[in-house]
Amino acid sequence: MQRTNRETTQQKKTCFFCLNNNVEIDYKDAALLGKFISSYGKIMPRKRSGSCTKHQRKMANAIKRARAMGIMSFTSR
Ligand SMILES: [Zn+2]
């Protein structure tokens with residue numbers, strides 16, 4: 001069995017915020033944060049959203065803040 005080389009099997013960047021540098025993560029932007037919420041109202045895990053560590057945490061914090069401010073709901077119902 002051969003190990004896959006990290007250099008040759010480079011994955012394309014899928015982080016939405018890294019690809020769109022002009023997009024600012026703002027807790028008031030419910031439309032943007034809504035993209036990273038599952039149908040049950042949960043924050044999407046990094047596996048699903050594809051965000052990098054830095055942006056995933058920033059985005060999760062923004063969603064939590066938005067929930068506390070009443071901009072977004074905690075659950076889907
Ligand atoms: Zn990123």
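Start with the zinc ion: the four donor atoms around it subtend angles of 101 to 114°, so the arrangement is tetrahedral. Keep in mind as you click around that this is a predicted model.

**Stop 1: the zinc ion and its donors**

Which residues hold the zinc ion? Select Cys-15, Cys-18, Cys-52 and His-55: the cysteines coordinate the zinc ion through SG and the histidine through ND1, at 1.8 to 2.3 Å. Now look along the sequence, where the donor residues are spaced C-x2-C-x33-C-x2-H.

Colour Cys-15 and Cys-18 by accessibility if your viewer lets you. Cys-15 has a relative accessibility of 2%, so Cys-15 counts as buried. Cys-18 has 22% and is partly exposed, because buried means under 20% and exposed means over 50%.

**Stop 2: zoom out to the whole chain**

Switch to a cartoon view. How many helices and how many strands does the chain have? You should find four helices and zero strands, so reading from the N terminus the order of elements is α-α-α-α. Three of the helices to pick out by number are H2 (30-33), H3 (46-49) and H4 (53-68).

Try a surface next. The chain exposes about 6500 Å², and carbon and sulfur atoms supply 48% of that. Of its 77 residues, 26% count as buried. For contacts between residues at least 6 apart in sequence, 52% join residues at least 24 apart. Some of the stops below show contacts between residues well separated in number, such as Tyr-40 with Phe-74, which are 34 residues apart in sequence.

**Stop 3: the rings**

The structure holds three aromatic pairs. For one of them, select Phe-16 and Phe-17: the ring centres are 5.4 Å apart and the planes are at 85°, so this pair is edge-to-face. Is each of these two buried or partly exposed? Phe-16 is partly exposed, with a relative accessible area of 23%, while Phe-17 is buried at 3%. Add Phe-36 to your selection, and you have the members of one aromatic cluster: Phe-16, Phe-17 and Phe-36.

Then hop to Tyr-27. The charged end of Lys-28 sits over the Tyr-27 ring, 4.7 Å from its centre.

**Stop 4: Ser-51, in the loop between H3 and H4**

Ser-51 is in the loop between H3 and H4, and it is buried, with a relative accessible area of 4%. What does Ser-51 touch, leaving out residues up to four places away in sequence? Show Cys-15, Phe-36, Arg-46, Gln-56 and Met-59. You have met two of those already: Cys-15 is a donor to the zinc ion, and Phe-36 belongs to the aromatic cluster.

**Stop 5: the loop between H2 and H3**

Three residues are worth selecting in this loop: Ile-37, Tyr-40 and Gly-41.

- Ile-37 is buried, with a relative accessible area of 18%. Setting aside residues up to four places away in sequence, Ile-37 touches Lys-42, Ile-43, Met-44, Ile-63, Arg-67 and Met-72. Draw a C-alpha distance from Ile-37 to Thr-75 and you get 10.0 Å, although the two are 38 residues apart along the chain.
- Tyr-40 counts as exposed, at 64% relative accessibility. With residues up to four places away in sequence not counted, Tyr-40 touches Phe-74, Thr-75 and Ser-76. The C-alpha atoms of Tyr-40 and Phe-74 are 9.0 Å apart.
- Gly-41 is buried, at 7%. Leaving aside neighbours within four places in sequence, Gly-41 is in contact with Arg-67, Phe-74 and Ser-76. From Gly-41 to Met-72 the C-alpha separation is 9.0 Å, with their positions 31 residues apart along the chain.

**Stop 6: Ala-66, in helix H4**

Finish at Ala-66 in helix H4. Is Ala-66 buried or exposed? Its relative accessible area is 0%, so Ala-66 is buried. Not counting residues up to four places away in sequence, Ala-66 touches Tyr-27, Leu-33, Ile-71 and Met-72. Tyr-27 is the residue with the charged end of Lys-28 over its ring. As for Leu-33, it is 33 residues from Ala-66 in sequence and 8.9 Å away in space, C-alpha to C-alpha.

Key: Residues are numbered from 1 along each chain as its sequence is written. This is a predicted model: local features need pLDDT of at least 70, side-chain atom pairs count only at pLDDT 80 or more; totals for chains, interfaces and linings use all residues. Side-chain values use heavy atoms; hydrogens and water are left out. Helices (H or I, at least four residues) and strands (E, at least two) are DSSP runs, numbered from the N terminus. Buried means under 20% relative accessible area, exposed over 50%, partly exposed in between (1.4 Å probe, protein chains only). Contact means heavy atoms within 4.5 Å. Accessible areas come from the Shrake-Rupley method with a 1.4 Å probe; for residues, only the protein chains shown count as cover. Donors are N, O and S atoms within 2.8 Å of the metal (3.2 Å for Na, K and Ca); water is not among the atoms, so sites may look incomplete. Four donors count as tetrahedral if all angles lie between 85 and 135 degrees; four count as square planar and six as octahedral if opposite donors are over 155 degrees apart and all others between 65 and 115; anything else is irregular. Rings of Phe, Tyr and Trp (its six-membered ring) pair if their centres lie within 6.5 Å; planes under 30 degrees apart count as stacked, over 60 as edge-to-face and the rest as tilted. A charge sits over a ring if NZ of Lys or CZ of Arg is within 6 Å of the ring centre and within 35 degrees of the ring normal.
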